[in-house]
Amino acid sequence: MANRFYPYISALFLLLLCSCAPQLNTIAPADLQQISQDPRDVIRSVESDQPLLGPDEQRQFWDNFRDTYFLPWHSTAPLPTTAHPFWAIDWITRNTVYDKTLRPLQQQRNALIQRAGQQSFPTEHRRAITVVSCSVRALPTSAPLFYNPQQAGQGFPFDQLQHAMLPANTPVQVSHRSADGAWLFVETAAIYGWVANSAVAWVDSEQIARIESAPLAAVIRDQVAILGPVDQWYGDGRIGMLLPLASPEPSSHRVLIAVAGPDQRAQFTEATLAEDALLRAPLPLSPQNIARLAAPMMGQSYDWGEQFGGRDC
């Protein structure tokens, strides 16, 4: 009769053992405890401000970068880097994919394909600028799609439609519009995909000339408020975001921010950031500046496709 209690006694014993085990997810590796994780602590202070590139070489790199950054405003066709604009249609057509309920995608498949309008691509050729930070999607929808969520690394948060996040004030080319008009297909030299229609505003030749002739400043801190007149909030800046300066004066910290006006045409208004959050670009490529930019990102959580405002690899 006692034998029938053996399974329960064994299970209770295992539970007691588990309760005594250390919580591995709360134990930091010894290196993290004993070695400073601040990049500024590993550079030689004597040489930390010495540039790694000469001024002429850095200027060449900077000029090349500016040409690439503003390329969407000067291309007469879809950019060469937009190699497979409709890869996600092939993916959902040939594979079993899973929607936000973690069930196989069925009825919505045809609706997504029709909304994308692949057969008529490209329907637009317009120059624009982002007016908010926005997710860039592989299909015109904000709903996620996954591989088999039963498999490790294939469910949440690995939304296969999430390409990346574009900061506000990014030059883009709009080359296509969804069938319902709610989404626009945008291109930059680094990323392409669908953004919400409300995320961009149209720019004209005069505005382009103004922005391209203005000095650019780089945001060097995260979560820094961009404020307009009467403390109107235009969003948060983050490390790496580029903003045109409203004045060529070296001491200026006033920037130009794009907002959508009537008929979705861009209007540029002046705004300010905290003085310690903005530096004129390009920053000298020195160990000190590299560490300065890296330090605030230490300890940040990984964010697939930057879908929650963090950083992807």
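This is a chat about strand pairing and salt bridges in a predicted model.

Trainee: What should I know about the model before we start?

Mentor: It's predicted, so local features need pLDDT of at least 70 and side-chain atom pairs count only at pLDDT 80 or more, while totals for chains, interfaces and linings use all residues. Residues are numbered from 1 along each chain as its sequence is written, and side-chain values use heavy atoms, with hydrogens and water left out.

Trainee: OK, strands. In which sense do E12 and E13 pair?

Mentor: Antiparallel: E12 (residues 254-260) and E13 (residues 266-272) pair over 7 bridges. Strands here are DSSP runs of E, at least two residues, and helices are runs of H or I, at least four, numbered from the N terminus. Two strands pair if DSSP finds at least two bridges between them.

Trainee: Which residue stands opposite Ile-257?

Mentor: Thr-269 in E13.

Trainee: And what's in the turn of that hairpin?

Mentor: There are 5 residues between E12 and E13, and Asp-263 in the turn has a positive phi of about 60 degrees.

Trainee: Does a salt bridge come into that hairpin, and if so, which side chains meet there?

Mentor: Glu-270 and Arg-254 meet in one, at 2.7 Å, N to O. Glu-270 lies in strand E13 and Arg-254 in strand E12, so the pair ties together parts that are 16 residues apart in sequence. The rule is a side-chain nitrogen of Lys or Arg within 4 Å of a carboxyl oxygen of Asp or Glu.

Trainee: Are those two buried or exposed?

Mentor: In between: Glu-270 is partly exposed at 34% relative accessible area, and Arg-254 is partly exposed at 37%. Buried means under 20%, exposed over 50%, partly exposed in between, with a 1.4 Å probe and protein chains only.

Trainee: How many salt bridges by this rule?

Mentor: The count comes to 8. Among them is Asp-159 with Arg-137, closest N and O atoms 2.7 Å apart. Asp-159 lies in the loop between strand E2 (134-137) and strand E3 (162-166) and Arg-137 in strand E2, so the pair ties together parts 22 residues apart in sequence.

Trainee: Buried or exposed, that Asp-159?

Mentor: Buried, at 3% relative accessibility, and Arg-137 is buried with 3% too.

Trainee: What about Asp-63?

Mentor: Asp-63 forms a salt bridge with Arg-59, at 3.8 Å between the closest N and O atoms. Both lie in helix H3 (residues 55-69), 4 residues apart, about one turn of the helix.

Trainee: Back to strands: what's the order in the open sheet of 3?

Mentor: E11-E8-E14, with antiparallel pairing. The edge strands, E11 (242-244) and E14 (278-280), each pair on one side only.
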